Amino acid sequence: MPARLFLSSGDLVADRRFEFARDLQLKGDLTAAADLLSQATELAPGFASAWFTLGEIREQLGEREAAIAAFLKALIADPEDRHGASLHLVLLGAQELSAMPQAYVRALFDQYAPKFETALVDDLGYRGPALLFKAVLAARLAVRKPAFFKRAIDLGCGTGLAATAFASEVDHFIGIDLSPRMIEQARLTGVYAELEIADMVQGLRDKPDASADLVLAADAMVYLSDLTPLLREVNRVLVSGGLLAFTVETHDGEGIILGEGLRYAHSPGHVRASIRDAGLALAGCEDLSARNEDNTPVPGLVVVAAKT
Ligand SMILES: C[S@@+](CC[C@H](N)C(=O)[O-])C[C@H]1O[C@@H](n2cnc3c(N)ncnc32)[C@H](O)[C@@H]1O
């Protein structure tokens, strides 16, 4: 996991109490850690990291109301929500499902970037790019077209694993990602003609109509709750016959849920309906898992859609 986000309170004593509290939390002394964090927030009422950690500890202690109160304070202290307090409020049933805070995603992946590939590929057996490659080849074979693409866009490109898998089949790759540190890593691959630090929907909005032959989103839609705005933009940006290929995590219920791992899972019915509503045609949807958690494959879908 990435290093933990720490936002200093600007008060040395409060910051030191926070550090002691983290030590105690890691040693399992949650009650003592909560006491120290309460002291830290008394000294520095706008100390977002302390409020957030206090929320987590109250959650671990099963103190739901106190956890909600602490996460709400963390949100007030940092309205951008770099810790992702609002996601915990959703899990605690105190807030409706909503979009993931962009500042949270950026902070998470900026911290993750240097270790990302080791953590994802080695520890979690990540196989999203290879699955997408196979699915795209199959979709092209089915319509007897070569699997070669002049212009491709890699949404949530991260360090460039998906574009690297497709590199020999694409002339011009554009990578879009919210995290500047991930983009730095992607640049080192030399695979991308263009790289943009942007939200994926916003990045697509800036692209002309019918300007891409292929759009990829490998393990990136798990950070989007509502897929529809993105799918509509993809439909506009793709050329006729162009393909969108993406992975999602899924679940047995209906619609969209936020999982314990703070990633969204979309039901197969919801994915199919969203594709149809965006005007795209489903060209493939297989139950395939892109990564493991606790050595168990996380339920997922590998989806290919075509612009007709
Ligand atoms: C798990 S990584 C996957 C990276 C890469 N696609 C791969 O297959 O290795 C998810 C990436 O999506 C990016 N991301 C998440 N939400 C995003 C958004 N709304 N707009 C742009 N990038 C986003 C993150 O910054 C991160 O780099």
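**Helix packing and the central sheet**

In helix α1, Phe 18, Arg 22 and Gln 25 meet a set of residues in α3, namely Ser 49, Ala 50, Thr 53, Glu 56, Ile 57 and Gln 60. Sorted by character, the residues of this contact between α1 and α3 comprise 3 nonpolar, 4 polar and 2 charged. The model examined here is a predicted one.

A pair of packed helices can be described by the angle between their axes and by the distance between those axes. For α1 and helix α3 (residues 48-60), the axes come within 11 Å and cross at roughly 25 degrees. Angles under 35 degrees count as roughly parallel, so α1 is roughly parallel to α3. The crossing of α1 past α3 is left-handed.

Helix α1 also has a second partner to explore. Helix α1 (residues 12-27) packs with helix α2 (residues 30-43) at an angle of about 165 degrees, and their axes are 8 Å apart. Because angles over 145 degrees count as roughly antiparallel, α1 is roughly antiparallel to α2. Here, too, α1 passes α2 in a left-handed crossing. On the α1 side, the contact includes Val 13, Ala 14, Phe 18 and Leu 24; on the α2 side, the residues include Leu 30, Ala 33, Leu 36 and Leu 43. The residues of the contact of α1 with α2 divide into 13 nonpolar, 2 polar and 1 charged.

Attention now turns to the strands. An open sheet of 7 strands follows the order β3-β2-β1-β4-β5-β11-β8, and its pairing is mixed. The edges are occupied by β3 (194-197) and β8 (281-287); each has a single partner strand, so one side of each is left without a neighbour in the sheet. From one strand to the next, the twist averages 15 degrees.

Two pairings show how neighbouring strands line up. Strand β2 (residues 170-177) pairs with β3 in the parallel sense over 4 bridges, and Ile 174 has Glu 194 in β3 as its bridge partner. Further along, β4 and β5 run parallel and are joined by 5 bridges; Leu 214 stands opposite Leu 243 in β5.

Strand β5 is mostly covered, with 10 of its 12 residues buried. Among the helices lying across this strand is α8 (residues 128-142), which also lies across β1 (149-155), β4 (212-217) and β11 (300-306) and runs at about 145 degrees to β5 (238-249). Helix α12 (residues 228-237) lies across β1, β4 and β5, running at about 150 degrees to β5.

Methods. Residues are numbered from 1 along each chain as its sequence is written. This is a predicted model: local features need pLDDT of at least 70, side-chain atom pairs count only at pLDDT 80 or more; totals for chains, interfaces and linings use all residues. Side-chain values use heavy atoms; hydrogens and water are left out. Two strands pair if DSSP finds at least two bridges between them. Axes are lines fitted to C-alpha atoms, for helices over the stretch in contact, and angles run from 0 to 180 degrees between N-to-C directions. Contact means heavy atoms within 4.5 Å. Angles under 35 degrees count as roughly parallel, over 145 as roughly antiparallel, 65 to 115 as roughly perpendicular and the rest as oblique. A crossing is left-handed if the near helix is turned anticlockwise from the far one by less than a right angle, and right-handed if clockwise. Ala, Val, Leu, Ile, Met, Phe, Trp, Tyr, Cys and Pro count as nonpolar, Asp, Glu, Lys and Arg as charged, and the others, Gly among them, as polar. Buried means under 20% relative accessible area, exposed over 50%, partly exposed in between (1.4 Å probe, protein chains only).
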